[in-house]
Amino acid sequence: MTETQAVAASPVIIPIRSLGPGHRSRIAAHLKALDPEDRFLRFGYTARDEQIDRYVDGIDFERDDVFGIYNRRLELIAMAHLAYSEDPRMASCAEFGVSVLKKARGRGFGERLFERAVIHARNEGVDMLFIHALSENRAMLHIAKKGGATFEHAGGEAEAYLRLPPATFDTRMAEMVEEQLAQTDYHLKQQAKRFWDLLMSLQEVREGVRDARHRSGS
């Protein structure tokens with residue numbers, strides 16, 4: 001992977017926010033919104049809701065990093081999990097996993113989350129990024145291949161690994177700018193949602209008053 005590939009962003013600005021423990025419920029809702037086929041591709045088995053809850057509850061936000069893309073309704077429509085190795089001998093290794101809701105496909109969200117994870121991993125000193133995917137998960141394999149990953153196939157599964165160059169001033173600045181952009185975007189969406197929710201509430205009150213007047217004949 002060249003420096004340009006690792007740092008360059010997509011032509012379309014897609015704010016990607018770092019997620020923390022306070023986002024667990026939205027992460028769980030996102031994963032539960034995946035249909036059985038997508039759950040199978042993401043986890044390697046058709047995860048039930050209770051299994052997803054255990055997975056989300058088990059995310060160690062002190063060690064791992066999770067990134068997400070929200071729509072205007074503050075619905076988490078795409079997310080990535082960058083899981084770091086617990087083995088001290090593999091401290092410079094991490095695994096990347098991603099999921100995108102069907103209605104949000106075709107917009108490059110998975111690829112952008114991969115770019116974001118690569119930059120962060122480099123800045124954290126990771127030099128080997130692993131991607132485990134089923135052979136039928138064409139979208140994930142395409143992202144890995146485009147990123148320059150090397151593949152090893154075994155049966156119906158594929159292991160891809162990507163050697164990452166060290167962090168640079170550019171990667172550190174790129175991550176700072178991305179995070180600030182994402183925070184600003186999220187707060188603007190929060191304000192907009194509150195405004196529209198208030199507007200809807202007022203509309204419901206007006207309709208209720210109108211209906212009451214109509215029933216009373218006044």
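**Entry 1: strand 5**

I began with strand 5. It is mostly covered, with five of its seven residues buried. I keep in mind that this is a predicted model. Next I looked up how strand 5 pairs with strand 4. The two run parallel and are joined by three bridges. I picked out one pair: Glu 95 has Phe 130 in strand 5 as its bridge partner.

**Entry 2: the sheet**

I then traced the whole sheet. It is open, has seven strands and shows mixed pairing. I wrote down the strand order as 1-2-3-4-5-7-6. Which strands are the edge strands? They are strand 1 (17-19) and strand 6 (150-154), and each pairs on one side only. I also noted the turn between neighbouring strands of this sheet: 25 degrees on average, direction ignored.

**Entry 3: the strand 1 edge**

I went to strand 1. Its link to strand 2 (residues 65-70) consists of three bridges, and the two strands run antiparallel. Here I looked up Leu 19. Its bridge partner in strand 2 is Val 66.

**Entry 4: helices on the sheet**

I checked what helix 3 (residues 36-43) touches. Helix 3 packs on the sheet, against strand 3 (76-84), strand 4 (93-100) and strand 5 (128-134). Its direction makes about 170 degrees with that of strand 4.

Helix 5 (residues 109-123) came next. I found it lying across strand 1, strand 2, strand 3, strand 4, strand 5 and strand 7 (157-163). Against strand 3, helix 5 runs at about 30 degrees.

**Entry 5: the strand 6 edge**

I moved to strand 6 and selected His 153, which is in that strand. Is His 153 buried or exposed? I count His 153 as exposed because its relative accessible area is 57%, and the cut-off for exposed is over 50%. I then listed its contacts, leaving aside neighbours within four places in sequence. His 153 is in contact with Ser 135 and Ala 158. Ser 135 is 18 residues away along the chain, and the C-alpha atoms of His 153 and Ser 135 are separated by 8.1 Å.

**Entry 6: a nonpolar patch**

Last, I looked at the surface. Which residues form a nonpolar patch there? I found Phe 169, Met 173, Met 176 and Val 177. Together they have about 440 Å² of accessible area. I took Met 176 for a closer look. Met 176 lies in helix 7 (residues 169-216). Its relative accessible area is 55%, so I log Met 176 as exposed.

Conventions. Residues numbered from 1 in each chain as written. Predicted model: local features only at pLDDT ≥ 70, side-chain atom pairs only at ≥ 80, totals over all residues. Heavy atoms only, no water. Patch = residues over 30% accessible without salt bridge, like charges linked within 9 Å, V, L, I, M, F, W, Y side chains within 5 Å. Areas by Shrake-Rupley, 256 points an atom, 1.4 Å probe, with all protein chains shown as cover. Salt bridge = Lys/Arg side-chain N within 4 Å of Asp/Glu carboxyl O. Helix = DSSP H or I, 4+ residues; strand = E, 2+ residues; numbered from the N terminus. Buried < 20%, exposed > 50% of the residue type's maximum accessible area, 1.4 Å probe, protein only. Pairing = 2+ DSSP bridges. Axes fitted to C-alpha atoms, helices over the stretch in contact; angles between N-to-C directions. Contact = heavy atoms within 4.5 Å.
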